[in-house]
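Hi there,

I am passing a structure on to you, and below it you will find my notes on what turned up. Please have a look whenever you find a moment.

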Amino acid sequence: MRSFGHGCKQLPLRLLCCMVMLWAVSCGSNDPQIVAKMDGWSLTLSEMAGEYERIYPAMPFAATSLEERERFLTNLVNKELLLGVARERSLPLGWSRHRKLRSEREAWLADRAFELLKTEVMTQISREDRQETRERLTREIRLLRIILPRGGRPDSCYRAIVDGLPFEEAFQEFAVARRREGAPPPLPIGPAWFAPDSLPRRVVRRTLNDDVPAGTVVPPVVTLSGVWIVKVLDHRPANLSDAQESGIETLVQVFCADDSMRVRDARRREAAGFRTHPENYPVIHRAFDAFWDSLSAANPRANTIEMLGWKAPVWNVAPADRELPIYEFNGKIGTVSDFVSSLNGCDAKYWPGGTTDQKRSRQVGMRIDRLFLLDIAMERGLDRDPEFLAKEQRLEEEAALDEYFAQVIEPAVVVTPDEVRADYERDPERYRSSEKAAFSVVIFPGYAKEDAERFLAEHGAKAAGFWRQAVLRAIDADDQIVFIPDRETLDLGRPVRNAQLIPFLPLVAEMETGDISDLVPHGDGYAIVRCNYRRHSAPLPEKSVLHLAEGEVRHRKIDERVEEILAAAARARRLRTYSERLRGVPASSPETSR
């Protein structure tokens with residue numbers, strides 16, 4: 001599917017560009033800010049700048065070149081012309097695009113409602129609350145600790161301690177005796193004193209911020225470096241540096257906001273008469289069990305596009321069960337039918353699909369929380385917010401364009417086997433696999449060069465999973481260390497979006513799978529790069545090549561057809577552009593409006 005979202009699609013419009021140039025010379029406009037106009041539509045330089053900075057917030061329009069401005073203007077003009085053609089057809093949206101619209105609309109409203117509530121909390125935290133939190137956090141804590149991997153049975157370890165197993169014996173049984181071969185040795189159990197900045201934030205919250213008394217064994221706390229089980233032994237005032245004081249202030253802000261949010265949310269739910277009916281959740285579980293089973297048999301590996309085509313399975317709920325209550329708030333009762341139908345408004349990855357009833361019930365509860373947040377958004381009038389209305393219009397435009405392509409342009413294009421073979425034989429070298437790599441980076445601050453060298457010597461030969469664990473342990477010891485994980489496999493022949501990774505691409509291009517770099521100066525510190533995956537370019541098998549060639553021929557024919565449509569629309573709507581005005585300075589307050 002070829003998307004024209006955000007007006008970013010660039011088309012090969014040689015005919016249209018020539019025609020635009022002639023009109024720009026021969027036609028004038030009284031408004032020197034107008035850079036394009038046609039029947040029923042015009043665009044000023046200010047509006048163009050506003051749209052550009054909305055799409056590319058990190059790239060000021062004032063810094064763009066004339067060539068970039070001309071290209072972006074062509075994008076906006078093309079989008080408006082195609083929209084006009086698509087609107088004339090008045091095509092109904094298919095279910096997948098309808099679902100995508102609902103999902104993105106819901107996500108915006110829920111996110112904005114949460115931001116609004118959090119902002120209100122941040123402005124109303126009292127000085128006394130801040131001071132009390134600060135006093136709790138400006139202490140050191142003496143504790144025993146056991147750090148286990150997530151699969152290391154932390155819940156069993158905790159229950160054993162609560163049932164009387166001495167902490168030291170639990171450490172030996174769960175952390176030492178069960179350590180996987182090749183895994184780094186567990187961190188010492190202690191006892192030891194820790195300042196707040198030497199502990200994971202979640203551990204600080206569950207110990208110092210919650211002010212748990214000496215002798216308490218804290219239930220498992222999940223952190224980046226593993227699951228912590230700690231026993232608090234003592235507290236004492238901390239002698240903090242200026243840098244540590246600054247870090248404490250950040251924690252004070254975060255913890256106060258979180259605590260206040262929880263309190264206010266509880267009050268809000270009480271005022272709304274918030275109530276759930278978990279006794280009826282099994283009806284939902286059974287409906288989705290049947291749904292997932294039917295999908296597994298038909299298509300065990302659905303992709304995102306296929307998931308958008310799904311419908312929440314109300315039909316799997318017996319008619320007698322559809323009116324059973326699931327939630328209540330603000331005088332509304334949500335039934336099983338209401339709940340399941342509401343899932344058509346969110347991504348299918350959030351549908352109840354856990355492996356146990358407990359997990360599925362938790363997913364149902366999270367969805368109810370989301371519905372409550374959406375109710376707050378509507379109550380606050382966020383669905384009438386100008387920013388939301390503008391976003392909704394853009395989403396509807398993108399859906400209309402995608403539907404026009406799917407229903408009109410793409411079905412009209414026919415590609416023959418002879419055309420595919422001719423395209424391939426014209427330049428077979430085009431069809432090669434791309435250079436790909438996945439890598440992670442750990443960056444040590446400048447003062448920690450010796451720590452970086454020691455880390456490289458101790459962990460440089462470890463497999464990727466153990467390498468990551470070692471990095472996270474180092475971060476627990478020094479939170480100034482930065483870790484950039486390999487979240488995706490990169491195509492080295494294409495622009496990389498993550499600016500953090502760009503400085504390391506030349507180095508990675510020379511590496512192989514499993515290679516680890518020496519210390520690399522980076523900014524004020526030192527980086528170590530680990531190449532977790534590397535694939536070099538190679539000729540593709542003929543079966544794949546012909547499939548790709550078919551796609552290229554099809555896209556080329558689509559572009560040619562779009563060129564014809566745009567040229568005709570430009571003539572019909574008397575398009576004029578004024579590219580000489582693109583050198584100007586946008587008027588203040590650039591806002592895109594139609």
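**Notes on the model**

Asp211 sits in the loop that links α8 (201-209) to β5 (217-223). Please keep in mind that this is a predicted model. Asp211 is no glycine, yet its phi is positive, at about 55°. Is this residue buried, exposed or partly exposed? With a relative accessibility of 41%, Asp211 counts as partly exposed, because the partly exposed class lies between the 20% and 50% limits.

Ser90 makes a good companion to that one. Its place is the loop between α3 (66-89) and α4, and Ser90 also has a positive phi, of about 50°, without being a glycine. The relative accessible area of Ser90 is 59%, so it is exposed, the cut-off being over 50%.

There is one more backbone detail to check in your viewer. The peptide bond running from Gly190 to Pro191 is cis, and its omega is near 10°. Pro191 belongs to the loop between α7 (167-176) and β4 (192-194).

Next, a helix pair. Helix α4 covers residues 95-122 and helix α9 covers residues 242-272; the two pack with their axes 9 Å apart, at an angle of about 115°. α4 and α9 are therefore roughly perpendicular to each other, since that class takes in angles from 65 to 115 degrees. The crossing of α4 past α9 is right-handed.

Which residues meet there? On the α4 side they are Phe114, Leu117, Lys118, Val121 and Met122. On the α9 side they are Gln253, Ala257, Ser260, Met261, Arg264 and Arg268. Sorted by class, this contact between α4 and α9 has six nonpolar residues, two polar ones and three charged ones.

Last comes Arg367, found in helix α13 (residues 357-379). Is Arg367 buried or exposed? Its relative accessibility is 6%, so Arg367 counts as buried, the limit for that being under 20%. What does its side chain reach? The answer is the backbone oxygen of Ser342, at 2.8 Å. If neighbours within four places in sequence are set aside, Arg367 is in contact with Glu106, Phe339, Ser342, Leu343 and Cys346. Ser342 thus turns up in that list too, and Glu106 takes us back to helix α4, residues 95-122.

Happy browsing, and all the best!

How values were computed
Residues are numbered from 1 along each chain as its sequence is written. This is a predicted model: local features need pLDDT of at least 70, side-chain atom pairs count only at pLDDT 80 or more; totals for chains, interfaces and linings use all residues. Side-chain values use heavy atoms; hydrogens and water are left out. Axes are lines fitted to C-alpha atoms, for helices over the stretch in contact, and angles run from 0 to 180 degrees between N-to-C directions. Helices (H or I, at least four residues) and strands (E, at least two) are DSSP runs, numbered from the N terminus. Angles under 35 degrees count as roughly parallel, over 145 as roughly antiparallel, 65 to 115 as roughly perpendicular and the rest as oblique. A crossing is left-handed if the near helix is turned anticlockwise from the far one by less than a right angle, and right-handed if clockwise. Contact means heavy atoms within 4.5 Å. Ala, Val, Leu, Ile, Met, Phe, Trp, Tyr, Cys and Pro count as nonpolar, Asp, Glu, Lys and Arg as charged, and the others, Gly among them, as polar. Buried means under 20% relative accessible area, exposed over 50%, partly exposed in between (1.4 Å probe, protein chains only). A polar contact is a pair of N or O atoms within 3.5 Å; within protein, one must be able to donate a hydrogen and the other to accept it, and residues adjacent in sequence count only if both atoms are side-chain atoms.
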